[in-house]
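Student: Could we go through this structure together, one step at a time?
Tutor: Gladly; please look it over before we begin.

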Amino acid sequence: MEEKLIKALSSLTGIRESKLKGLEANALYDIIDKPNIIEPTDNQLEKLYLLNELIINFGITKEFKYRKQINFGNSYEAGKYFKHLIGNKKDKEVFLLAMFDKNNNLIKIKKISEGTINSAPVYPRDIVKEVLSTKCKSVIFCHNHPSGIATPSDEDISMTNKYVNILEPLKIKVKDHIIVGNNIFSFLENNLLEYNAIRKGRVAEENINDYVSNTYYETHLNKYLNALSGLTGIRKEKLNTFTGGEKGEIDNPLWHHKALEILENPSLIASKLGLSNSERRNLENLKGVFSSLKSYIKKDVAPIHEPGHINAYVRTYLDEKELDANNLYIMLFNNKNRVIGFEKLSYCEGNDLMFNPKDILQKSINYEASSISIIMTSKKAEVNYKNKNIDELIEISKNAVNMLLPIQIKVIDSIYINEDKYISMVEKGLHPYTNVGQPEYKRTKIFEYSIEKGIIEENELYKDEFEDEEEWEFDF
């Protein structure tokens, strides 16, 4: 499946096949949500953005295909809708505010916050500003849990009920707060929405003209068709003619079915659309990419808990020829210590191995990593821990720590490896920083990070380790 996906994705976006093949398997499927992983050109970035738009809006169009307006009869329906919108966000929390008119029709979705792996700060002023501007009658909050566990935290519950009671005097009802993960959690269904029982005085009813909501279903349908046009080169006018999607004909149910059929059965409707060869090819490639991404289940990579796990992962990823060569790699982890990326950092210029420290910072940010590890491979004949290679790896690790600590990305280890053996800088007490969350690692800290001074200070232990280079001995 991956080989077909790579070919179709390359043809569709213009990204070189070799660049896609160089990605760790799971990362290949992350580039829709995190396109900076492959550092795309502006045109490639636009194509990936359109692909993400198509996937989201196709799903919603299909889910609500018998309606002309999106409204929710129950929490499960609302949860399915939000899962389409932000269910693919696996590395950051997103907080959404959905606003409804008096008939329970969706007026607007507003992203209030997009945060880190485990938080997304939300401010009352932002909520109030949005609900007042739309003149909505009710709202639903929604956010995702990247961990996949949809159970609310105490903070989630406290925050929700604070907003319930901010909006209640404004005659705006909080209908639900939905958390999206591997499943869907509803505050309403679990009786976690609490209104203050006592209010002083009464809020006067205002004579406000009811806000007439947009046809929100039509918005998603148009986003889907726009993305379809942008990715295949098929003119939007041609798509509209085929679907019968002239403005005002939203009640025609054939529109919904035909719009979906374009992507679901491209070979059957290509002649009906009158497609050129290039349009037909692009549509088939899009179908291939869409089907692969929709049906793909990420490999459940075991979390890394010790240097031996990193060593084992590297050996399954690199062949003997790559292990028996001088190179530098970066391994990237999410907040559960699962590998989300593995890439080469070095390249050859003549006989010299070249490396730019900026790449460590750039790739850590592109992958939205919580932690990383530096891997140096070396020719078997050169694995001599009295030579300059070990010094170089330690120096690279020190620089990485200095760059990444201020932005809260940990360097959990640096490992020197060849065809037969490996050595962990953490196990030997030579690593400048150790992840406290990993009890299997030795916790010798060569540097102490001072919050007050905001600097990294050298520990006396570091000097002791390198006082007499001639006496260094490392056992395997």
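**The second largest pocket and the cores**

Tutor: This is a predicted model, and in it the largest share of the lining of the second largest pocket, 9 residues, comes from α4.

Student: How many residues line the second largest pocket, and which lie nearest its centre?

Tutor: The second largest pocket has a volume of about 730 Å³. Elements that each supply at least two residues of its lining include α4 (42-63), α5 (75-86) and β1 (94-100). The lining consists of 32 residues, and those nearest the centre of the pocket are N52, E53, I56, K89 and K111.

Student: By class, how many residues in the lining of the second largest pocket are nonpolar, polar and charged?

Tutor: Here each lining residue is placed in a class by its amino acid, with Asp, Glu, Lys and Arg counting as charged. Sorted in that way, the lining of the second largest pocket has 14 nonpolar, 6 polar and 12 charged residues.

Student: At what angle do helix α1 and α4 pack?

Tutor: Helix α1 covers residues 2-13, and its axis and that of α4 are 9 Å apart. The contact is made by L9, L12 and T13 of α1 together with N43, Q44, K47, L48 and L51 of α4. The angle at which α1 and α4 pack is about 115°.

Student: Which residues touch the most other members of the largest nonpolar core?

Tutor: In soluble globular proteins, nonpolar side chains tend to be buried together. The largest nonpolar core here has 89 residues, and the members that touch the most others are Y81, F82 and I372.

Student: Which element gives the most to this core?

Tutor: Among the elements contributing to this core, the one that gives the most supplies 8 residues. That element is α8.

How values were computed: Residues are numbered from 1 along each chain as its sequence is written. This is a predicted model: local features need pLDDT of at least 70, side-chain atom pairs count only at pLDDT 80 or more; totals for chains, interfaces and linings use all residues. Side-chain values use heavy atoms; hydrogens and water are left out. On a 1 Å grid over the protein atoms alone, a cavity is a set of points where a 1.4 Å probe fits but cannot get out, and a pocket is an open set with protein on both sides within 12 Å along at least five of seven lines; lining residues have an atom within 4 Å of a point. Grid points are joined across faces, edges and corners, and a volume is the space filled by probe spheres set on the points. Helices (H or I, at least four residues) and strands (E, at least two) are DSSP runs, numbered from the N terminus. Axes are lines fitted to C-alpha atoms, for helices over the stretch in contact, and angles run from 0 to 180 degrees between N-to-C directions. Contact means heavy atoms within 4.5 Å. A nonpolar core is a set of buried Ala, Val, Leu, Ile, Met, Phe, Trp, Tyr and Cys residues joined through side-chain atoms within 4.5 Å. Buried means under 20% relative accessible area, exposed over 50%, partly exposed in between (1.4 Å probe, protein chains only).
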